[in-house]
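Colleague: I have a few questions about how some terms are used for this model. Could we go through them one at a time?

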Amino acid sequence: MPENKLYPPEGLRPPASFTLQGLREALEQGTVLESIVQRCDLHHDLHLSLGGIPAQIPRSEVLSPWLSGAERDISILSRVGKPVCFRVTDIRADEKGAPMALLSRRAVQEQALDHFLEHLGPGSVVTAVVTHLESFGAFLDIGCGIVAMLPIEYISVSRISHPKDRFRPGQKILAAVRSVDREKRRFTMTHRELLGTWMENASWFRPGETVRGIVRSVKSYGTFIELAPNLSGLADARADLQPGDGVSVYIKSIRPERMKIKLHVIEKLPPPGGPEPLRYQITDGVLDRWVYSPAGYEKEPVETVFTAAGP
């Protein structure tokens, strides 16, 4: 099981049915619950309906205080229509005497973050959900709305021009902790180690086959074509190709000792409709060292070493 199973990302908890008695028990036991935000009022309080019972997360209880200013306001407004984790902090009567629940998302986030800082270290594999994408990387919910950064260079071995080439917002993925800044209470993530080594990816292909690929970069000496997120080959340069193009390619040779795959472009294909499905070779546990390059590789090993202090 991934290392964040006690505090999964928002949206991944099993659906719950709410009753007044169940909410009272959750209040007594400090149970973490989850539901969809219905609206955000003019005071930036969030409103939910828990089995027909009105509930409210006051603005001060929506987020832990690591966000401030406009970024904090956007993070509150953007919760409408999305799941949030929370604990019940009070059950009281509203103006008409009907029961209503007061909730805190902040309490759950602080509880989860304390747990992560104690139990997650470099190499820990977690389930994550992509929250949004920027040119420099992807932001991931690694548990209860706690966001961690996945820089673009750690998404895959095959280089991409933008994280949208690999992910879409709302996508469930796996990731590993690359480093932990305990003073700033911040995690940096990596993803490429989970997608398999050069040999694991190359084993899906054979010389003489013709397969689909995606152009990732065009140089004067040749065109780099992605066969899988952690595997690329080199074809001769062609003036009519550019990054993002779909192509069919003939595999001329596969040479593990040089970590080289020689390709010949047959023709251009329609561009991919979206990110290709990801195939993970590692799905849980804690990584200590990951070696991408094959045994017998002629150069220095290509590897990641996960250390307690982070890279």
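Colleague: What makes up the lining of the second largest pocket by class: how many nonpolar, polar and charged residues?

Modeller: The model is predicted. By class, that lining has 14 nonpolar, seven polar and 13 charged residues. Gly counts as polar here, so Gly233, one of the residues closest to the pocket's centre, goes with the polar class. Lys260 and Met259 are also among those closest to the centre; Lys counts as charged and Met as nonpolar, so these two fall in the charged and nonpolar classes.

Colleague: What is the volume of the second largest pocket?

Modeller: The volume is about 870 Å³. There are 34 residues in the lining, and Phe224 and Ser232 are among the closest to the centre.

Colleague: Which strand gives the largest share of that lining?

Modeller: S14 does, with five residues. S12, S15, S16 and S18 are among the strands that each supply at least two.

Colleague: Why are S12 and S15 called paired?

Modeller: Pairing needs at least two bridges. S12 and S15 have five, so they pair, and the sense is antiparallel. Thr210 stands opposite Tyr250 in S15.

Colleague: How do you know that S15 and S16 pair?

Modeller: The same cut-off of at least two bridges applies. S15 and S16 have nine bridges, therefore they pair, again in the antiparallel sense. Ser248 stands opposite Glu267 in S16.

Colleague: Which residue takes a positive phi in the hairpin of S15 and S16?

Modeller: Met259 does, near 55°, and the hairpin has four residues between the strands.

How values were computed
Residues are numbered from 1 along each chain as its sequence is written. This is a predicted model: local features need pLDDT of at least 70, side-chain atom pairs count only at pLDDT 80 or more; totals for chains, interfaces and linings use all residues. Side-chain values use heavy atoms; hydrogens and water are left out. On a 1 Å grid over the protein atoms alone, a cavity is a set of points where a 1.4 Å probe fits but cannot get out, and a pocket is an open set with protein on both sides within 12 Å along at least five of seven lines; lining residues have an atom within 4 Å of a point. Grid points are joined across faces, edges and corners, and a volume is the space filled by probe spheres set on the points.
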